[in-house]
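Here's a walk through one model, from its sheets to its ligand shell. Keep the structure open while you read.

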Amino acid sequence: MAGDELLYELKNVGFHYPSGEQALESVDLTINRGEKVVLLGANGSGKSTLLKLLSGLLYAEEGTVKFLGQSLDEESLSNEEFSFAFRRRVGFVFQNSDAQLFNSNVWEEIAFGPVQLGLDSEQVRGRVESMLHLLEIEHLRNRPPFKLSGGERKKVALASVLSVNPEVLLLDEPTMALDPRTQGWLVEMLIELNRTGKTIITATHDLAIVPVIADKMFVFNEEHRVVAEGEPVELLADYDLLASVNLIDRTFHEHRHPKYAHLHAH
Ligand SMILES: Nc1ncnc2c1ncn2[C@@H]1O[C@H](COP(=O)(O)OP(=O)(O)O)[C@@H](O)[C@H]1O
Ligand SMILES: [Mg+2]
């Protein structure tokens, strides 16, 4: 269940890349512990950049990002003790699994995190076996990750993140390039992980999965600002909003659903 303990608090956050590309503009948002949250926006709206700020891979140039009241900034994240403690609590599943997987076989990939945590070999073995079982990838244990299918890689990446038992899971476009059955499986897995108390934060532009994997949604526009916040079912019914942020094309939508067209007079 979503509690009301504040997990992340972002105030007036701005970020641009060294090349000059603006990625986030005056972002205010809060996320409570145990929530399922979606960051929705068109390509280039800033979702991946925000996930990098939430995971401490980047830090805000303007404004503040706080995690449980502690500012995530250059100073706190360069403190090894804080950084280590923070990173074990927050897991990040990258959009591209290839950027995440670097070990020579699946078993070692999943064992990497628990070894870093300093668990003994028996505990590491236990963690790996339970992850192989949870993600239904026991048969892949000896395979090199780079020879797996996209869906299998995504499962291994998820296993390698979950093996350190983070309380927050950040996922970047997790269903992209997965076949429909694997997408369904992943969505079920995220719901189940949330039931066990984990906070799940997903960046996506896949409208179909949003109401299932989120009870709260932030909508980004193409100027990298949050323009709406609320319950997915309500926001997804707002075609004007979705069209204005380039998530649906209204003309196309009205042709397919003519009976709704009158609700959206030009
Ligand atoms: N590594 C980078 N270097 C320069 N510009 C970047 C980089 N990553 C993203 N951007 C730019 O920042 C903006 C936001 O990108 P991103 O956060 O990746 O958006 P999204 O994940 O919503 O597609 C875009 O204009 C994008 O071109
Ligand atoms: Mg992205």
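How many bridges pair strand β1 with β2, and in which sense, parallel or antiparallel? Strand β1 (residues 6-16) pairs with β2 in the antiparallel sense over seven bridges.

## Ground rules

What you're looking at is a predicted model, where local features need pLDDT of at least 70 and side-chain atom pairs count only at pLDDT 80 or more, while totals for chains, interfaces and linings use all residues. Residues are numbered from 1 along each chain as its sequence is written, and chains are lettered from A and ligands numbered from 1 in the order in which they are written.

Helices (H or I, at least four residues) and strands (E, at least two) are DSSP runs, numbered from the N terminus. Two strands pair if DSSP finds at least two bridges between them.

## The four-stranded sheet

Let's stay with β1 and β2 for a moment. They belong to an open sheet of four strands, in the order β2-β1-β4-β5, with antiparallel pairing. At its edges are β2 and β5 (70-71), each pairing on one side only. One bridge to look up is His16, whose partner in β2 is Gln22.

Strand β2 (residues 22-32) also holds Ser26. Most residues other than glycine have a negative phi. Ser26, though, has a positive phi near 45°. Ser26 has 14 C-beta neighbours inside 10 Å, so it counts as partly exposed (buried takes 20 or more other C-beta atoms within 10 Å, exposed 12 or fewer, partly exposed is in between; C-beta atoms are placed from the backbone).

## The six-stranded sheet

There's also an open sheet of six strands, ordered β6-β7-β8-β3-β9-β10, with mixed pairing. Since β6 (90-93) and β10 (226-230) stand at the edges with a single partner strand each, one side of each is left without a neighbour in the sheet. Inside this sheet, β3 (residues 36-41) and β9 (residues 216-220) run parallel and are joined by five bridges. Val38 stands opposite Met217 in β9.

Another positive phi turns up in the loop between β7 (168-172) and α7 (180-195), where Ala177 sits. Ala177 isn't a glycine, yet its phi is about 65°. With 16 other C-beta atoms within 10 Å, Ala177 is partly exposed.

## Core and helix α4

The largest nonpolar core (a set of buried Ala, Val, Leu, Ile, Met, Phe, Trp, Tyr and Cys residues joined through C-beta atoms within 7 Å) has 61 residues, and Val13, Leu40, Val93, Leu170 and Val219 touch the most other members. Helix α6 gives the most to this core, with six residues. Leaving aside neighbours within four places in sequence, Leu170 is in contact (C-beta atoms, placed from the backbone, within 7 Å) with residues including Leu51, Leu54, Phe92, Val93 and Ile201.

In helix α4 (residues 106-116), the buried residues are Val106, Trp107, Glu109, Ile110, Ala111, Gly113 and Pro114. Their cover includes α5 (121-134) and α6 (150-162). After α4 comes Gly118, with a positive phi near 90°.

## Around ligand 1

Which residues are around ligand 1? Counting those whose C-beta atom, placed from the backbone, lies within 6 Å, they are Tyr17, Ser19, Glu21, Ala23, Gly41, Asn43, Gly44, Ser45, Gly46, Lys47, Ser48 and Thr49.

Helix α1 (residues 47-54) supplies the largest share of this shell, three residues. By type, the shell divides into two nonpolar, eight polar and two charged residues. Here Ala, Val, Leu, Ile, Met, Phe, Trp, Tyr, Cys and Pro count as nonpolar, Asp, Glu, Lys and Arg as charged, and the others, Gly among them, as polar.

Technical notes: Two residues are in contact if their C-beta atoms, placed from the backbone, lie within 7 Å.
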